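Okay, thanks everyone, let me put my structure up on the screen. Have a look while I talk.

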Amino acid sequence: MTADELRNAMVDGVRPSGAALSGRVDAAMRAVPRHVFVPEVSLERAYGPDPVVTHRDGDGVPVSSASAPGTVAGMLEDLDVHPGHRVLEIGAGTGYNAALLAQLVGPAGSVTTIEYDEAVASAARAALSSLGAAVTVVHGDGMIGAPGRPTFDRIVVTAGAWDIPQAWWEQLAEDGRLVVPLRILGLTRTVVFERAGAVLRSRSVVEDGFMPMRGVGAVREQNIRVGAGPDLVVRLDDDRQVDASALRGALDHPVAVCWTGVAVPWGWTEHLDFWLATLDGFCRLLVSRAAVEDGRLMAAKGPWGSMGVVEGESLAYLTTRPSPTDDAAMPSYEVGACGYGPRGADLAARLAERVRDWDRDGGQGVQLWIEAYPADAGRPEVSGVLLAVDKRDSRVLVRVAEQVPAAV
Ligand SMILES: C[S@@+](CC[C@H](N)C(=O)[O-])C[C@H]1O[C@@H](n2cnc3c(N)ncnc32)[C@H](O)[C@@H]1O
């Protein structure tokens with residue numbers, strides 16, 4: 001197949017959130033040759049459904065990529081770009097998304113994209129100029145925005161951000177829109193924010209994974225091994241700490257399991273992690289496949305581990321087991337919690353209770369609403385809030401949609 005044929009097939013297959021693409025995003029994706037931005041891979045790979053990793057750090061960890069076409073399309077739909085808009089992208093990567101943005105804003109608009117990595121920025125600049133795309137590529141740290149430029153109607157961030165830094169507040173127009181994969185206590189959600197004065201309010205909140213931002217404001221996740229081997233790792237966000245040496249003996253205790261009676265199709269629990277995040281010691285626990293297969297540890301609820309809690313010498317995390325269902329096409333799983341260590345049973349019970357709370361609050365049908373305020377705005381009203389998280393430059397509030405006060 002030719003590049004054009006492959007590109008059209010790619011666009012035909014892209015349906016973010018199950019919906020067809022809007023005419024403008026569809027046309028932009030058919031117009032921009034993606035393979036020009038990932039010359040190191042075959043045409044089939046360039047137009048495949050997966051992200052293409054283009055750069056890795058010294059440890060082999062991916063630091064730059066062309067995001068999956070479905071992710072790119074979904075973010076463009078979320079951004080709602082119109083001709084004439086001024087758009088700022090943080091994380092130029094290959095430049096592909098910036099080329100799509102240039103199509104969407106047209107000659108009356110402008111696109112500025114910032115890239116932290118100099119080599120990545122120059123490759124993006126070269127690919128964009130080979131196509132004659134009117135994009136300004138800035139090599140710099142997107143956490144400090146694009147100094148000296150006017151405000152932007154749209155800001156899109158294509159790496160996982162821990163905070164909404166002051167520069168983005170200053171550079172987003174009064175009625176502007178910000179699309180950002182935001183890390184909240186280690187949970188990454190792509191949030192579509194609309195600005196209303198000094199507050200950003202979410203239009204949608206979708207679970208997704210992105211490589212973390214680098215630079216001045218970067219906050220690294222910590223991975224802490226429990227015991228000598230790689231079987232169990234505690235992943236912590238923010239600057240929270242655990243005493244890894246205290247946990248060393250946790251796995252010598254027999255497991256304590258607490259089933260919840262809450263069964264969900266495919267084991268999918270929309271936004272449940274935010275209910276668990278209200279518990280002290282909240283973290284992600286990564287369990288090795290080998291330890292599960294030889295029966296040393298219970299399986300974590302998801303392929304990327306499971307949320308859980310750590311306290312002193314004990315820990316607990318979510319797991320699942322098949323649950324009877326009449327619908328053979330849609331398997332159901334009951335959610336449970338397993339605990340290890342002297343207080344493992346207590347912690348498992350605590351997690352199980354939060355799962356039942358989530359189920360009572362709406363379970364699968366629950367919708368979240370996220371607000372962000374500049375840190376210097378003081379401490380806004382927090383009634384009806386599930387979580388309030390203070391970052392360096394902003395304060396993030398997570399609410400259950402039904403509990404959003406009428407005045408908001
Ligand atoms: C997933 S890739 C971006 C994909 C890109 N938009 C595309 O169309 O190919 C994320 C990019 O963000 C960049 N990045 C990470 N931290 C950054 C920062 N503080 N400022 C600007 N870029 C950053 C990375 O170097 C990487 O190239």
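I'll go through the sheet and its helices, then turn to how the domains meet.

So, this is a predicted model. What catches my eye is the open sheet, with 10 strands in the order S5-S4-S3-S6-S7-S8-S9-S17-S19-S18 and mixed pairing. At the edges you've got S5, residues 135-139, and S18, residues 385-390; each has a single partner strand, so one side of each is left without a neighbour in the sheet. From one strand to the next, the twist averages 20°.

Let me zoom in on one pair. S3, residues 86-90, and S4, residues 110-115, run parallel and share 5 bridges. Glu89 has Thr113 in S4 as its bridge partner.

Now the helices. H5, residues 96-105, lies across S3, S4, S5 and S6, at about 165° to S4. H4, residues 69-79, lies across S3, S6, S7 and S8, and its angle to S7 is about 145°.

On to the domains. We have domain 1 at 3-207 and domain 2 at 222-364, and their centres, over C-alpha atoms, are 34 Å apart. Contact involves 9 residues of domain 1 and 11 of domain 2.

How much area do the two bury between them? About 950 Å², with 57% of it on carbon and sulfur atoms. On the domain 1 side, Leu185, Leu187 and Arg189 lose the most area, together 56% of what that side buries.

For polar stuff, there's 1 salt bridge between the domains, and 2 residue pairs in polar contact across the interface. S7, S8 and S9 each give at least two residues to the side of domain 1 that touches domain 2.

Key. Residues numbered from 1 in each chain as written. Predicted model: local features only at pLDDT ≥ 70, side-chain atom pairs only at ≥ 80, totals over all residues. Heavy atoms only, no water. Pairing = 2+ DSSP bridges. Helix = DSSP H or I, 4+ residues; strand = E, 2+ residues; numbered from the N terminus. Axes fitted to C-alpha atoms, helices over the stretch in contact; angles between N-to-C directions. Contact = heavy atoms within 4.5 Å. Domains from an automatic or database assignment. Buried area = accessible area lost by both parts, 1.4 Å probe. Salt bridge = Lys/Arg side-chain N within 4 Å of Asp/Glu carboxyl O. Polar contact = N/O pair within 3.5 Å; in protein donor to acceptor, adjacent residues only side chain to side chain.
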